[in-house]
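Hi everyone, thanks for coming. I'd like to walk you through one structure today, so let me put it up on the screen.

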Amino acid sequence: MNAINVFSGITAREAAVIITGSLGLLFMLISLIGIIRLPDFFTRLHAQGVGDTLGALLLIISMMTAAGAGLMSVKLFLVIAIILITNPVGTNLMMIAGMNNKEYREYKKDKKEKKADDADN
């Protein structure tokens, strides 16, 4: 069985749905790996913010393509608008909360003192 026979029954619309859906899942998987593997809160937050936003957008575009032109696509477009507003705002608020955390300020102060000690030596 060759590749031409396997994909000969797929329309361009179905191929677009498969490609955008797969890319969305791939970005979300990469985001998940970044959350698990990255060392501190801020780099993890960056991986989550970028990966989840892009992954969700690609998945919703895939759903819009599958649904075709109609009311469902309009509703999914509104979901995209909500995601584009809320994800960056939520990520920024978590970053601000992390920076205002007492433990982060002490960590930053200790790091500056260590740099000053290294410069003196």
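Let's begin at one residue. Ser 62 has a relative accessibility of 7%, so this serine counts as buried. Keep in mind as we go that this is a predicted model.

Where does Ser 62 sit? Its place is in helix 3, which covers residues 41–67. And what does the side chain of Ser 62 reach? The partner is the backbone oxygen of Val 17, at 2.9 Å. If we set aside the neighbours within four places in sequence, Ser 62 is in contact with Val 17, Thr 20 and Gly 21.

Let's follow one of those partners. Thr 20 belongs to helix 2. With a relative accessible area of 17%, Thr 20 falls under the 20% cut-off, so this threonine is buried too. Not counting residues up to four places away in sequence, Thr 20 touches Leu 58, Leu 59 and Ser 62. So much for that corner; now the wider view.

The protein contains 5 helices and 0 strands. Reading along the sequence gives the pattern α-α-α-α-α. How much of the protein is buried? Of its 121 residues, 19% count as buried. The protein exposes about 9,000 Å², and carbon and sulfur atoms supply 69% of that. As for how the chain meets itself, take the contacts between residues at least 6 apart in sequence: 62% of these join residues at least 24 apart.

Now helix by helix, starting with helix 2. This helix runs over residues 12–37. Its 26 residues should span 38 Å at 1.5 Å a residue, and the end C-alpha atoms are 37 Å apart, which agrees. Which residues of helix 2 are buried? They are Thr 20, Gly 21, Gly 24, Ser 31 and Gly 34. These buried residues pack against helix 3.

Helix 2 also has something to show on the surface. A nonpolar patch there is formed by Ile 19, Leu 23, Leu 26, Phe 27, Leu 29, Ile 30, Leu 32, Ile 33, Ile 36 and Leu 54, with about 890 Å² of accessible area together. Which helix gives the most to the patch? Helix 2 does, with 9 residues. Ile 19, for one, is in helix 2. A reminder for reading the list of patch residues: an α-helix has 3.6 residues a turn, so residues three or four places apart point the same way.

On to helix 3, the home of Ser 62. For its 27 residues, 1.5 Å a residue gives an expected span of 39 Å; the end C-alpha atoms are 38 Å apart, which agrees. The buried residues here are Leu 45, Ala 47, Gly 49, Gly 51, Thr 53, Gly 55, Ala 56, Leu 57, Leu 58, Ile 60 and Ser 62. What do the buried residues of helix 3 pack against? They pack against helix 2 and helix 4. Just after helix 3 comes Gly 68, which takes a positive phi of about 80°.

That brings us to helix 4, residues 71–99. The 29 residues should span 42 Å at 1.5 Å a residue, and the end C-alpha atoms are 42 Å apart, which agrees. Its buried residues are Ser 73, Leu 76, Ile 80, Ile 83, Thr 91 and Gly 98.

Let me pick out two of these. Ile 80 has a relative accessible area of 10%, so this isoleucine is buried. Leaving out residues up to four places away in sequence, Ile 80 touches Leu 57, Ile 60, Ile 61 and Met 64. Ile 80 and Ile 61 are 19 residues apart in sequence, while their C-alpha atoms are 8.5 Å apart in space.

The other one is Ile 83, also in helix 4. Its relative accessible area is 15%, so Ile 83 is buried. With residues up to four places away again left out, Ile 83 touches Thr 53, Ala 56, Leu 57, Ile 60 and Pro 88. Thr 53 lies 30 residues from Ile 83 along the chain, yet the two C-alpha atoms are separated by 7.1 Å.

To pull it together: the buried residues of helix 2 pack against helix 3, and those of helix 3 pack against both helix 2 and helix 4. Ser 62, where we came in, touches Thr 20 of that neighbouring stretch. Thanks for listening!

Methods:
Residues numbered from 1 in each chain as written. Predicted model: local features only at pLDDT ≥ 70, side-chain atom pairs only at ≥ 80, totals over all residues. Heavy atoms only, no water. Helix = DSSP H or I, 4+ residues; strand = E, 2+ residues; numbered from the N terminus. Buried < 20%, exposed > 50% of the residue type's maximum accessible area, 1.4 Å probe, protein only. Contact = heavy atoms within 4.5 Å. Areas by Shrake-Rupley, 256 points an atom, 1.4 Å probe, with all protein chains shown as cover. Polar contact = N/O pair within 3.5 Å; in protein donor to acceptor, adjacent residues only side chain to side chain. Patch = residues over 30% accessible without salt bridge, like charges linked within 9 Å, V, L, I, M, F, W, Y side chains within 5 Å. Salt bridge = Lys/Arg side-chain N within 4 Å of Asp/Glu carboxyl O. Expected span 1.5 Å × (residues − 1).
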